[in-house]
Each structure stands twice: as structure tokens, then as C-alpha cells.
Amino acid sequence: MKNKLIRNISILLSTLLITQTLLTGCGNKNNSAKVSSNIEDLKVDENGKINGLMYEKGLPLVDKGDYEFSIFVDNSTPLEGQFMWQLLENQTNVKVNVQQNDYAIASEKYGLALSSGDYADVIAGWLISGNDILKYGVDMGVFIPLEEYIEKYAPNIQKVLDIPGVREEMTAPDGHIYSIPYVDKAPKVHFNPFINQKWLDNLGLKMPTTTEEFREVLREFKAKDANGNGNLNDEIPFSADPNHRNLGRLAGWFGIPMTSGGFSLDEEGKLKFVANTEEYKKFVEYMASLNAEGLIDPEYFTQDRPTWRGKGDKNLYGVSVAYWSEDFKKVPLGEVPDYKPLPVLKGPNVDNPSWIPESDSIIVRRSQMVITDKAKNPEVIIRWFDNLYEVDNSFQSKYGPFGITTEKIGENHYKLYDRAKLDPEENEKYSFDNIFCQALPRNIPIDIIQEEENPKLYDEKKDTDELYEPYLLPKMKSYWVTEEYAAKLAEYSKAISDHISKKTAEWVSGQADINKEWDSYCKQLEKLGLKEYIRINKELVGEN
């Protein structure tokens, strides 16, 4: 198993390097003479067009064939079936050249493209971090400020920006806004383990509540025909969404739930670094011991999302980390999922297992889309996104087209049709993942009225929030880094986060021994600037 994991990792890295293609910008095809990226230069002519290209008001935005832009986004479903792109093009006359890859590959390409200087007009999705906004926006000017374009040309985006607290969240330390706000209702717990209740029932097992009970359940899943297909060797006891394994938060089983940057909160809700603690070491040792018994997916650190989902659809998982279980195991219409949220487990000698929530029921995503300095006529791009932010368009981009899967009842009032009435082919065609690049931002107001013709029998996220509520720490404070600290913190953050994730993966997968390397791992954290990293983070959240 160890050799297989090493070989898979080597193949993956080689493939990423060999298949690397740059994120090239397209710009507008026929208007190079009319290009303007300075908002003060934009004037309305006698035809109602701004600098002869974009109509000042209404739709379409431009004449057909006059403008296109490129967008690089992480997405893993085929573009051909995503009806929203054609709908938006029909409305705006703007053609969008979509460049998409699965998140892991997209992340690699994103970093390489920014380093090379050859990138798309727009970068969007889950690829961009707050540190990237500071580095490539505030510091380098690769991402351009958007607030004046929003104020002048994007009333729908402006409304979202004017929601109390949103503008403050979006404004970088230099006073500019580099991304459009994406405000959404959100569960408190996003990516957590789901356990196969049907497998538990098949084997007469109880829901585990401790890490050792969990180990025993995983052993039973592996040793017995839990899925009932007659094959004793196909069950995979534990796996995870490759893009969101959330190993750090699982460390909450040992009392120290952790962000990717190595931080947690103490009893008083104050920031503390935990990736070098004995509790974290014990958690990693525990996960490594599960792997040594063959209880963790052999492709845990190497598979892409389609592979992970494919195995789930074959009913091979006993437990998997996911946003919800339908991400990896489709639920027949009118049925309850086979999976239930796994409780927050209690590790040995742990009095207070805990979990870090991702939101306070509402979330402001501030790095979901940026326009780069490659873009010509960014005012057109802003208005294109403002049209996506029309509630009708945003609603359809999430739930499917009016008249097929949804219906508009009135202002901010919509209905979801019973999908059982669709044939299987249509139901797949208009599924959540297939109708649009769901990593893109949108605007579905918090106060929207949403009826369901056939409400779900079971709400996984509501159940998860209720189950995890007693174990939830306060939400981590969000903050921008001041210009004084931006470059230093970006450097520390990347180096330290990469070191933590690399060594954790090696230890859990069995490529290295944590007991032999723990001291050198901790010393390397110090060499990477850990003390200064902690000091800056504490100062930025107001704890110094």
C-alpha cells in the first residue's frame, strides 16, 4: 500500500507538470482600438454606447460578436450541458471563454499562471485566497480594484455590497475592493464525515461516539460484506472529498480542531497555534494507525473528485467527508440518504472534543472572483456579472431553468418542482453540478421565499448543525492583513501551511514515521518563522 501511494503521488505530480497549459486571456476580439480600463475615460456616445462598445443601459450589453472575455474557474463537470452559459450569452451578447479544471489541477495551473504572467481576464471559484487578494491585488496590481465599476455599472452587486457589514468585509487594507461580494445563507458546519447508516444496520452496529468505537466500526466495514454485494474486498471504510478532506477539523476529536494554517481557539476563544502540539501528534498517529490497518482509502491523498464520487456511487464508502452525502452517493428521489452525519468523536482522555464552524449561518465570501489586469473593458465584465446577480438568473444557476425544475411565483418568490416528475436523463442534465460552474458567485437574497413541491424528507445540513452545536467553538475571526504585514504573512502562511499539510499527508499515508520526524518537523516550523507568524496573526485579530 505504501509503494502504491508513493507511486500514485509521483504520477499525479508528473501529470500536473506535463499537462500544464497556461490560463491565457482572450479580451475582446474586434475592439482593440476601443479598449479602456480607466473608468474616468468611459464616455457615453450618441448611440448610447460607452466608448462605442457597451450599451449604457439594459440588455444586451454589446452588439453580437463585439466582445468576449476569458474566465478560469475550478469545476469538474462538462461545460456542454451547462445551460446557464448560453442563457447568459443570449441575454448579453457577451461570449465567455470558460477554462475549467478539477480543483486540484486548477490550483496548480492557477499558481503557475500567476507566476508566469500568462493568465485569464477573470479568475474565479475556490482558487483564490485572502492572501492572494493582498499579494496580487494590493501589492502587485494583477487583480484590479472594482469598487468604482460596481458603483457605476452594477446595481445588483451594489445592493449586496450595501448589506450591513459586507462592505467592511470586502474592503482591503488599501481601501479598495478587489472581488465581488458573495453573501449566502450557510450551515455552520460545511465539510464533515458522513457514515453509512445502512451499513451500520446491515452489520448490527451502533453509531460510534469515540475514536476507538469508530476504529471498530471501520474494521467491521472492511472485514464483512457491509454493502451486501457478495464481495468481501470492495468496501472502503473511510474516504474524503479530495478538495476538502478537513483533516484539521477532525483533530477536534482530540480537542484541537485546526484550520489549514495550524490555528485553533483556546477556552477563552483566543487564537492558538496547535499544529505542533502533542494533541495534534496523537491525532495524526491515530489516523496513521487507521491507514496501517487498511481502513483509509488507498487513494485518499491522490484521487480527483470524479474518482471519489464514482466510488461513492458504487456504494463503496462506509464513511466519507463531504459537504453533504449526495456529493458522493446519489439519493433516489423521494428517499432518505443512506448516510447520517458522524458525531464529533471523543478521543482518549479528551474531556471536550470540539469543532470549528465555518460560518455563523450567514457567510460572506470575499475572494470568489477577480478581474485581472489582462482584461480589456472590465466595465463589460462587471455588467456581465451584475446580470448574473439578477435574482432570476442566480436562482436558475443554482436550481435549474424556469419551467423545467423551477418556477418564478413573484418578486423574490420561487418554487422548486418535484424532480420525481423528470425522467432520469433530464434529472441528471439539470442536477446541481451540471447546470453551471457552481464555484462562481451569485446573488440569492437571504430573505428569498422558496417553496418546494416535494420537500426533502431529510435535511442533512440542519441535522449536522444540530448534532454539532454542543461542540462548536466560536467562528474564527476574519480579517485583512495590513500592508505592513501582507508580504511577510503571505510568505509565512504558505510555507507553514504547506509544511503542515505535506508532513501530515506523509505520516497518515505511511510514507514517513511521525515519531521519527516529529522533532525535526517542529524545528522546521520554527525555522519557517512560526513565532513571527503567530505574533502577526494575534496582532491582526486584536489579541496583542
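This report describes a helix with a buried face, the strands around it, a pair of packed helices and an open sheet in a predicted model.

Residues are numbered from 1 along each chain as its sequence is written, and side-chain values use heavy atoms, without hydrogens and water. As the model is predicted, local features need pLDDT of at least 70 and side-chain atom pairs count only at pLDDT 80 or more, while totals for chains, interfaces and linings use all residues. Helices (H or I, at least four residues) and strands (E, at least two) are DSSP runs, numbered from the N terminus.

**Helix α12 and strand β11**

Helix α12 covers residues 305-313, and its buried residues are Arg-305, Trp-308, Arg-309, Lys-311 and Gly-312. Buried means under 20% relative accessible area, with a 1.4 Å probe and protein chains only. Seen down the axis of α12, these residues fall within an arc of 160 degrees, so they line one face of the helix. The arc is that of the directions from the helix axis to the C-beta atoms. Among the elements covering them are β8 (236-240), β11 (317-322) and α16 (432-435). Just after α12, Asn-315 has a positive phi of about 60 degrees.

In β11, 6 of 6 residues are buried. Two strands pair if DSSP finds at least two bridges between them. The table gives pairings of β11.

| Strand | Sense with β11 | Bridges | A bridge pair |
|---|---|---|---|
| β7 (192-196) | antiparallel | 4 bridges | Phe-194 with Ser-320 |
| β8 (236-240) | parallel | 4 bridges | Ile-236 with Tyr-317 |

**Helices α11 and α19**

The axes of α11 (residues 278-292) and α19 (residues 514-527) come within 12 Å and cross at roughly 150 degrees. Axes are lines fitted to C-alpha atoms, for helices over the stretch in contact, and angles run from 0 to 180 degrees between N-to-C directions. In contact (heavy atoms within 4.5 Å), Glu-278, Tyr-280, Lys-281, Val-284 and Glu-285 of α11 meet Ile-514, Asn-515, Trp-518 and Tyr-521 of α19. By class, this contact has 5 nonpolar, 1 polar and 3 charged residues. Here Ala, Val, Leu, Ile, Met, Phe, Trp, Tyr, Cys and Pro count as nonpolar, Asp, Glu, Lys and Arg as charged, and the others, Gly among them, as polar.

**The open sheet**

Four strands form an open sheet in the order β4-β3-β5-β14, with mixed pairing. Its edge strands, β4 (95-101) and β14 (369-371), each pair on one side only. Neighbouring strands are turned by 20 degrees against each other on average, direction ignored. Strand β5 (residues 122-124) runs antiparallel to β14 and is joined to it by 3 bridges; Val-122 has Ile-371 in β14 as its bridge partner. Helix α3 (residues 103-116) packs on the sheet and touches β3 (68-74), β4 and β5.

Notes: Buried < 20%, exposed > 50% of the residue type's maximum accessible area, 1.4 Å probe, protein only.
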